[in-house]
Amino acid sequence: MKEIEGAGVALVTPFHEDGKVDYATLERLIDYQIESGIDYLVSLGTTGETATLTPEERTEIWNFTSKSVNKRIPLVAGIGGNNTAETTRQIQQFDTLDYCAILSVSPYYNKPTQEGIYQHYKALCQASPLPLILYNVPGRTGGNISAQTSVRLARDFSQVVATKEASGNFSQFSEILRDAPEDFMLISGDDPVTLPMMALGAAGIISVVGNAYPEKVSTLTRLCRANNYVDARKIHQELLHLIDLCFTEGNPAGVKYMLEKKGFGTAHLRLPLTPISDATKKTIDAAMEKLV
């Protein structure tokens with residue numbers, strides 16, 4: 001699926017200090033991503049603080065994002081949860097607008113078996129008008145989508161076109177690439193391992209740090225796709241410290257502070273997330289000054 005190759009960014013949701021969605025900053029951020037060469041955008045993934053948004057806010061953000069992008073690049077919507085019936089309902093009610101796919105996280109907290117995960121995604125496939133991207137992030141969900149389950153889903157449902165892998169398990173990545181259908185795509189879900197995953201055969205990244213440094217991330221993926229790993233390593237090494245700082249006190253707190261420093265609204269978060277400490281701010285300030 002060509003639309004989701006290369007550099008994708010999981011957009012933050014900017015907020016005003018009073019907690020309301022800052023649509024003016026969101027529009028400027030979208031333009032910044034597109035002008036910097038990002039290949040596609042993900043609206044309301046985990047980085048968008050989706051769990052803290054009301055259903056009405058989610059719908060408004062999807063609609064606003066579609067209108068702001070205006071068909072300039074592809075769009076993916078994040079729709080997931082740990083209640084299969086409710087997630088299915090949300091997908092059925094989703095106005096696809098200009099979206100090309102749905103990114104859906106594996107059920108969290110419930111800790112289903114591999115068969116439960118398979119049946120969950122099977123139900124989503126039967127409900128979804130769009131292709132599905134699996135999202136495996138065990139550090140957040142409490143459970144792993146095994147390589148065997150990812151491959152089984154890819155073989156059984158042509159609608160399952162990719163997996164965003166944030167397990168950190170390179171053996172698992174290799175098994176997926178070896179056993180899945182040829183057109184099934186592996187996408188990095190962790191910024192620091194984008195380069196080695198693409199060296200294995202991953203199609204790209206859905207990035208967090210790309211919110212603040214879209215040109216760096218888009219250039220990195222383009223170099224990898226051209227098998228120019230010498231130059232790609234330079235960008236990889238430049239970004240590593242800032243990537244770590246994105247997650248030091250939780251995502252998206254770090255990258256929102258970086259965006260505030262770049263003039264994109266405030267770093268305001270909705271509870272239970274809280275702002276980063278002054279010590280981390282100083283570390284980020286120094287790291288940003290070093291990166292040209």
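**Exercise 1. Find the residues outside the local sequence that Val 137 is in contact with.**

Solution. Skip neighbours within four places in sequence; Val 105 and Ala 166 are then in contact with Val 137. Contact means heavy atoms within 4.5 Å. The model is predicted: local features need pLDDT of at least 70, side-chain atom pairs count only at pLDDT 80 or more, and totals for chains, interfaces and linings use all residues. Numbering starts from 1 along each chain as its sequence is written, and side-chain values use heavy atoms, with hydrogens and water left out.

Next, place Val 137. It lies in the loop between strand 5 (132–136) and helix 5 (138–141). Helices (H or I, at least four residues) and strands (E, at least two) are DSSP runs, numbered from the N terminus.

**Exercise 2. Decide whether Val 137 is buried or exposed.**

Solution. Buried means under 20% relative accessible area, exposed over 50%, partly exposed in between (1.4 Å probe, protein chains only). Val 137 has 8% relative accessibility, so it counts as buried.

**Exercise 3. Trace Leu 41 from its strand partner to its contacts.**

Solution. Start with the barrel. It is closed, has 8 strands in the order 1-2-3-4-5-6-7-8, and pairs them in parallel. Strands pair if DSSP finds at least two bridges between them. Strand 2 (residues 40–43) and strand 3 (residues 75–78) run parallel, joined by 3 bridges. Leu 41 has Leu 75 in strand 3 as its bridge partner.

Then list contacts. Beyond four places in sequence, those of Leu 41 include Val 9, Ile 30, Val 69 and Leu 75.
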